[in-house]
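Trainee: Please take me through a close look at a single part of this model, and then place that part within the whole chain. I would like one connected account, with the cut-offs given as you go.

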Amino acid sequence: VIFQLGTADADVAVQAAMTVCRDVRGIDINMGCPKSFSVKGGMGAALLDKPEAAADILKTLRRNLPASTSLTCKIRMLSTTERTREFMRCCEASGAEAITVHMRTRQERPAQPAHWDEIV
């Protein structure tokens with residue numbers, strides 16, 4: 001079981017993750033939710049515009065979680081493939097062991113086709 005967490009604050013993320021980490025195999029940070037409640041709270045897709053905050057959350061979690069607990073994140077496509085890749089590199093350098101990319105941008109909804117052509 002992977003526990004997905006929406007957060008805008010590294011310290012709060014650690015508190016939540018430490019509460020469940022003994023009962024799950026990993027923690028996944030949701031950096032892709034485009035819903036207004038999430039974005040207005042600085043969570044989800046709001047983190048795509050704040051790579052420093054995203055990096056801080058991941059680095060803080062990696063420092064505090066047991067080594068046996070995996071750390072992953074979910075993101076959405078950014079305005080260009082290169083910006084998406086840069087964000088992914090930032091996540092990886094910050095401790096994410098795996099990154100799931102929802103192949104739509106923050107503005108796109110499931111009824112719109114995914115950008116499968118962007119996978120190279």
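**A buried loop residue and its surroundings**

Mentor: Thr69 is buried, at a relative accessible area of 3%, where buried means under 20% relative accessible area, exposed over 50%, and partly exposed in between, with a 1.4 Å probe and protein chains only. This is a predicted model, in which local features need pLDDT of at least 70 and side-chain atom pairs count only at pLDDT 80 or more, while totals for chains, interfaces and linings use all residues. Residues are numbered from 1 along each chain as its sequence is written, and side-chain values use heavy atoms, with hydrogens and water left out.

Thr69 sits in the loop between α3 (51-64) and β3; helices (H or I, at least four residues) and strands (E, at least two) are DSSP runs, numbered from the N terminus. Once neighbours within four places in sequence are set aside, Thr69 is in contact (heavy atoms within 4.5 Å) with Cys21, Arg25, Gly26, Ile27, Arg62 and Glu97. Ser70 belongs to strand β3, residues 70-77, and it too counts as buried, at 18% relative accessibility. With residues up to four places away in sequence not counted, Ser70 touches Ile2, Arg25, Gly26, Ile27, Arg62 and Glu97.

Two of the partners of Thr69 lead further into the model. Ile27, in contact with Thr69, is also touched by Ala17, whose other contacts beyond four places in sequence are Leu61 and Leu65. Ala17 lies in helix α1 (residues 10-20) and, at 0% relative accessibility, counts as buried. Between Ala17 and Ile29, which are 12 residues apart in sequence, the C-alpha to C-alpha distance is 10 Å.

The other partner to follow is Cys21, which Thr69 contacts and which is itself buried, with a relative accessible area of 6%. A disulfide is a pair of cysteine sulfur atoms within 2.5 Å, and the count by this rule is zero. Cys21 is too far away for a bond because its sulfur is 18 Å from the closest cysteine sulfur, which is that of Cys73. Cys91 is likewise in no disulfide, and the cysteine sulfur nearest to it, again in Cys73, is 3.8 Å away. With a relative accessible area of 1%, Cys91 is buried.

Elsewhere in the chain, the accessibility values differ. Ala93 lies in helix α4 (residues 81-93) and is exposed, with a relative accessible area of 65%; its C-alpha atom is separated by 8.2 Å from that of Ala55, 38 residues apart along the chain. Past β4 (98-105) comes the segment that holds His115, which is partly exposed at a relative accessible area of 24%. Not counting residues up to four places away in sequence, His115 touches Met103, Arg104 and Glu108, and its C-alpha is 6.2 Å from that of Arg104, 11 residues apart in sequence. Ile119 is also in the segment after β4, and is exposed, with a relative accessible area of 53%. Its C-alpha atom and that of Met103, 16 residues apart along the chain, are separated by 8.9 Å.

To place all this in the whole chain, the secondary structure comes to four helices and four strands, which run β-α-β-α-α-β-α-β from the N terminus on. The radius of gyration is 14 Å, close to the 14 Å that the globule rule gives for 120 residues, so the protein is as compact as a globular protein of that length; the radius is taken over C-alpha atoms, and the rule is 2.2 Å times the number of residues to the power 0.38. Along the principal axes, the C-alpha atoms fill a box of roughly 40 × 30 × 25 Å. Of the 120 residues, 46% count as buried, and among contacts between residues at least 6 apart in sequence, 68% join residues at least 24 apart.

The accessible surface comes to about 6,700 Å², of which 53% belongs to carbon and sulfur atoms; such areas come from the Shrake-Rupley method with a 1.4 Å probe, and for residues only the protein chains shown count as cover. There are 16 positive and 14 negative side chains, with the centres of the two sets 4 Å apart. Here Lys and Arg count as positive and Asp and Glu as negative, without His and the chain ends, and the place of a charge is NZ of Lys, CZ of Arg, CG of Asp or CD of Glu.
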